[in-house]
Amino acid sequence: MTPGLFESEKLDYSWPNAEIQYSAGWLGKRADDLQTQMLGLPWQSGQITVYGKSHLIPRLYLWYGDTPYTYSGKLHEPCAMPKFLLNIKDRLQDELQVAFNSVLCNLYRDGNDCVGWHSDNEKELGKNPVIASISLGATRKFRLRHTSGHVQTREFELSHGDLLVMKGECQKYWQHCVPRQRGIRQPRINLTFRFNYF
Ligand SMILES: O=C(O)CCC(=O)C(=O)O
């Protein structure tokens with residue numbers, strides 16, 4: 001039986017106007033094959049400039065979508081999603097009743113790879129975007145903090161096959177990150193489906 005969305009293990013953390021929905025093992029048995037398919041894709045590395053100095057982004061990434069997308073200072077042309085990602089997108093759209101037209105994929109090669117505090121608040125994502133995030137491979141921490149004073153925080157351990165959805169004013173009032181966890185030797189893949197207006 002395919003697990004229903006948020007059916008068995010549902011955790012909803014609601015803050016005024018910002019909501020996180022978490023579904024453990026949402027992908028079910030599909031997770032293993034999807035991980036293998038994702039690892040076979042042509043992952044890219046990128047650079048960021050901080051205080052005038054160029055650094056390698058500490059993870060690999062891929063972009064698929066119907067629109068162009070600027071990531072790490074580089075314009076990515078529209079690029080059709082492989083069929084196996086279109087299938088995941090369709091399932092998300094059905095279950096969440098939200099349209100997605102793109103996916104940003106991250107490959108954390110091991111616990112040294114990470115993403116720092118940020119919000120997905122690019123203009124192209126529109127007001128209050130719904131971001132559906134799927135995890136594969138190694139379990140990693142996913143932290144959130146409120147932008148005002150960073151006092152309110154929340155932490156999830158995201159594991160193979162899990163789905164976490166950020167919606168409402170999450171991107172306006174909250175930041176998220178995947179911190180370094182140096183003991184982790186296994187890769188983790190993250191897929192964040194979104195609607196990009198460009
Ligand atoms: O890897 C994750 O769970 C989060 C990725 C992320 O924050 C992003 O791509 O903006």
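This section describes the nonpolar cores and aromatic contacts of a predicted model.

The largest nonpolar core comprises 28 residues. Within this core, the residues with the most contacts are M38, L85, L92, L191 and F193. Two or more core residues are contributed by each of the helices α1 (30-39) and α2 (83-96), and likewise by each of the strands β5 (60-65), β8 (102-108), β10 (131-137), β13 (163-168) and β15 (188-194). Helix α2 provides the largest share, with five residues.

The surroundings of F193 were examined further. When residues up to four places away in sequence are not counted, F193 touches M81, L85, I88, K89, L92, F100, S102, V103, V130, I131, A132 and I134. Two of these partners, L85 and L92, are themselves listed with F193 among the residues with the most contacts inside the core. A second core, separate from that described above, contains 16 residues, among them Y22, Y108, F156 and M166.

A search of the whole structure yielded four aromatic pairs. One of them is formed by W63 and Y69, whose rings are stacked, with a centre-to-centre distance of 4.1 Å and an angle of 20 degrees between the planes. Both members of this pair are classed as buried because their relative accessible areas, 5% for W63 and 1% for Y69, are under the 20% cut-off.

A further contact with an aromatic ring involves a charged residue: R91 lies over the face of W26, at 3.8 Å from the ring centre.

Note on methods. Residues are numbered from 1 along each chain as its sequence is written. This is a predicted model: local features need pLDDT of at least 70, side-chain atom pairs count only at pLDDT 80 or more; totals for chains, interfaces and linings use all residues. Side-chain values use heavy atoms; hydrogens and water are left out. A nonpolar core is a set of buried Ala, Val, Leu, Ile, Met, Phe, Trp, Tyr and Cys residues joined through side-chain atoms within 4.5 Å. Buried means under 20% relative accessible area, exposed over 50%, partly exposed in between (1.4 Å probe, protein chains only). Helices (H or I, at least four residues) and strands (E, at least two) are DSSP runs, numbered from the N terminus. Contact means heavy atoms within 4.5 Å. Rings of Phe, Tyr and Trp (its six-membered ring) pair if their centres lie within 6.5 Å; planes under 30 degrees apart count as stacked, over 60 as edge-to-face and the rest as tilted. A charge sits over a ring if NZ of Lys or CZ of Arg is within 6 Å of the ring centre and within 35 degrees of the ring normal.
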